[in-house]
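Biologist: Could you walk me through this model before I go back to the bench? I'd like to ask about whatever catches my eye.

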Amino acid sequence: MALVVICGQPCSGKSTAATALADALAAVDPKPTVRIVDESSLHLGRNPSYANMNAEKNLRGVLRSEVDRSLSRDNILIVDSLNNIKGYRYELWCLARAAGIRYCVLHCDTEENHCRKWNTERRDNGESSYDENIFEDLVRRFEKPDRRNRWDSPLFELWPSRDEIKQSSEAISEAVIYLTKKVDSKTRDVRVLQPTIATQSVRTSEANSLYEMDQATQEVINAVIAAQSQGLGSTMNKISLGQHLPTISFIVIFVNYINLMYEYQTTRIHNICNLDK
């Protein structure tokens with residue numbers, strides 16, 4: 001149905017915004033299925049996940065995989081994370097386009113000093129917080145969303161350092177309308193992303209056919225082995241694979257094999273003779 005990407009500086013009120021949006025969507029009739037994906041839901045800690053570039057890359061990969069698995073046209077998925085790199089937001093946008101659903105970005109535009117203050121307060125209260133070095137590094141590398149970019153549009157902005165985040169916040173209300181509004185041929189203010197050839201899933205009919213063929217071959221082999229074990233060394237000319245299935249005749253198979261090998265050897269000898277000439 002939709003993918004909502006929440007982005008902002010560390011300790012900028014993103015989780016509060018995600019919860020407020022989820023609660024606002026729950027008040028809509030009919031109620032859509034809403035799920036929040038964040039580090040804690042995947043049992044990932046803040047500081048270990050951003051300790052170095054490899055850890056951060058792994059975090060983004062895990063989040064992206066979870067989003068890819070969870071996207072559907074029947075639910076609204078809220079990604080509550082930093083999402084601080086525009087290239088990563090583009091990847092999430094591509095996932096939404098491949099799924100053929102709506103997409104929007106909710107930005108918590110909080111001043112750095114307030115983020116720093118809230119992070120310190122969380123640490124003093126024994127709550128989950130960022131180490132000082134990690135916090136400063138994340139603040140420095142944050143890439144602010146730009147509504148001119150298609151992967152940052154539509155963009156709904158909150159200012160938590162100025163206004164309290166509530167279900168009735170203007171940005172939350174606008175996002176709810178955008179995510180739940182019915183779309184028809186006359187709708188212009190809601191965009192449902194359409195998959196392209198590059199983003200559509202590759203058809204797997206050929207792979208499925210090969211898999212089914214392999215499974216059927218293995219069943220025949222298992223049936224032959226089982227029949228041999230039951231024969232206790234005696235001669236078996238035929239074997240039945242089951243009801244409505246053909247009976248395997250070992251004599252016919254042997255004769256066909258002899259004929260095939262005869263043709264192969266004859267052709268081989270003929271080719272060798274032609275080379276000698």
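**A chat about the model**

Modeller: Asn-83 is a good place to begin, since this residue is buried, with a relative accessible area of 2%. Please keep in mind throughout that this is a predicted model.

Biologist: Where does Asn-83 lie?

Modeller: Asn-83 lies in the loop between β3, which covers 75-80, and α4, which covers 86-99. Its phi is near 45°, which is a positive value in a residue other than glycine.

Biologist: Which other residue, found in the loop between β2 and α2, has a positive phi?

Modeller: That is His-43, whose phi is near 60° although the residue is not glycine. His-43 is found in the loop between β2 and α2, the latter being residues 46-49.

Biologist: And is His-43 buried or exposed?

Modeller: His-43 counts as exposed because its relative accessibility is 74%, and the cut-off for that class is over 50%.

Biologist: Back to the inside, then. How many cavities of 30 Å³ or more does a search of the whole structure find?

Modeller: The search of the whole structure finds one cavity of 30 Å³ or more, and about 60 Å³ of space lies in the largest cavity. Asn-83 is one of the residues that line the largest cavity, and the others are Tyr-50, Glu-56, Leu-59, Arg-60, Leu-63, Ser-81, Leu-82, Asn-84 and Tyr-88.

Biologist: Which helix gives the largest share of that lining?

Modeller: Helix α3, residues 53-70, gives the largest share of the lining of the largest cavity, with four residues. By class, the lining of this cavity has five nonpolar, three polar and two charged residues.

Biologist: What do Glu-56 and Arg-60 form with each other?

Modeller: Glu-56 and Arg-60 form a salt bridge, in which the closest N and O atoms are 3.0 Å apart. The two residues are four apart in helix α3, so about one helical turn separates them. Glu-56 is buried, and Arg-60 is buried as well.

Biologist: Which residues are linked with them in a network of salt bridges?

Modeller: Glu-56 and Arg-60 are linked with Asp-137, Arg-140 and Arg-141 in a network of salt bridges.

Biologist: How many salt bridges does a search of the whole structure find?

Modeller: The search finds twelve salt bridges. One of the pairs is Arg-116 with Glu-136, where the closest N and O atoms are 2.8 Å apart. Arg-116 lies in helix α5, residues 112-124, and Glu-136 in helix α6, so this pair ties together parts that are 20 residues apart in sequence. Arg-116 is partly exposed, with a relative accessible area of 27%, and Glu-136 is also partly exposed, with 32%.

Biologist: What about Arg-147 and Glu-157?

Modeller: The side chains of Arg-147 and Glu-157 meet in a salt bridge of 3.1 Å, N to O. This pair links distant parts of the chain, with Arg-147 in the loop between α6 and β5 and Glu-157 in strand β5, ten residues apart. Arg-147 counts as partly exposed at 45% relative accessibility, and Glu-157 counts as partly exposed at 22%.

Biologist: Changing topic, what is the volume of the largest pocket, and which residues are closest to its centre?

Modeller: The largest pocket has a volume of about 220 Å³. It is lined by 18 residues, and the closest to its centre are Ser-15, Glu-39, Arg-46, Asp-80 and Tyr-130. Helix α1, residues 14-26, gives the most to this lining, with three residues.

Biologist: And which residues line the second largest pocket?

Modeller: Met-1, Val-28, Asp-29, Pro-30, Pro-32, Arg-102, Thr-180, Lys-181 and Lys-182 line the second largest pocket, which has a volume of about 160 Å³. A cis peptide bond joins Asp-29 and Pro-30, with omega about 0°, and Pro-30 is in the loop between α1 and β2.

Biologist: What is the peptide bond from Ser-153 to Pro-154 like, cis or trans?

Modeller: The peptide bond from Ser-153 to Pro-154 is cis, with omega near -5°. Pro-154 is in the loop between α6 and β5.

Biologist: Last one: which residues make the nonpolar surface patch?

Modeller: The patch, of about 700 Å², is made by Ile-251, Phe-254, Val-255, Tyr-257, Ile-258, Met-261 and Tyr-264. Tyr-257 is in helix α9, residues 250-276, and counts as partly exposed at 48% relative accessibility.

Terms used
Residues numbered from 1 in each chain as written. Predicted model: local features only at pLDDT ≥ 70, side-chain atom pairs only at ≥ 80, totals over all residues. Heavy atoms only, no water. Patch = residues over 30% accessible without salt bridge, like charges linked within 9 Å, V, L, I, M, F, W, Y side chains within 5 Å. Areas by Shrake-Rupley, 256 points an atom, 1.4 Å probe, with all protein chains shown as cover. Salt bridge = Lys/Arg side-chain N within 4 Å of Asp/Glu carboxyl O. Buried < 20%, exposed > 50% of the residue type's maximum accessible area, 1.4 Å probe, protein only. 1 Å grid on protein atoms, 1.4 Å probe; cavity = no way out; pocket = protein on both sides within 12 Å on 5 of 7 lines; lining within 4 Å. Points joined across faces, edges and corners; volume = space filled by probe spheres on them. Nonpolar A, V, L, I, M, F, W, Y, C, P; charged D, E, K, R; others polar.
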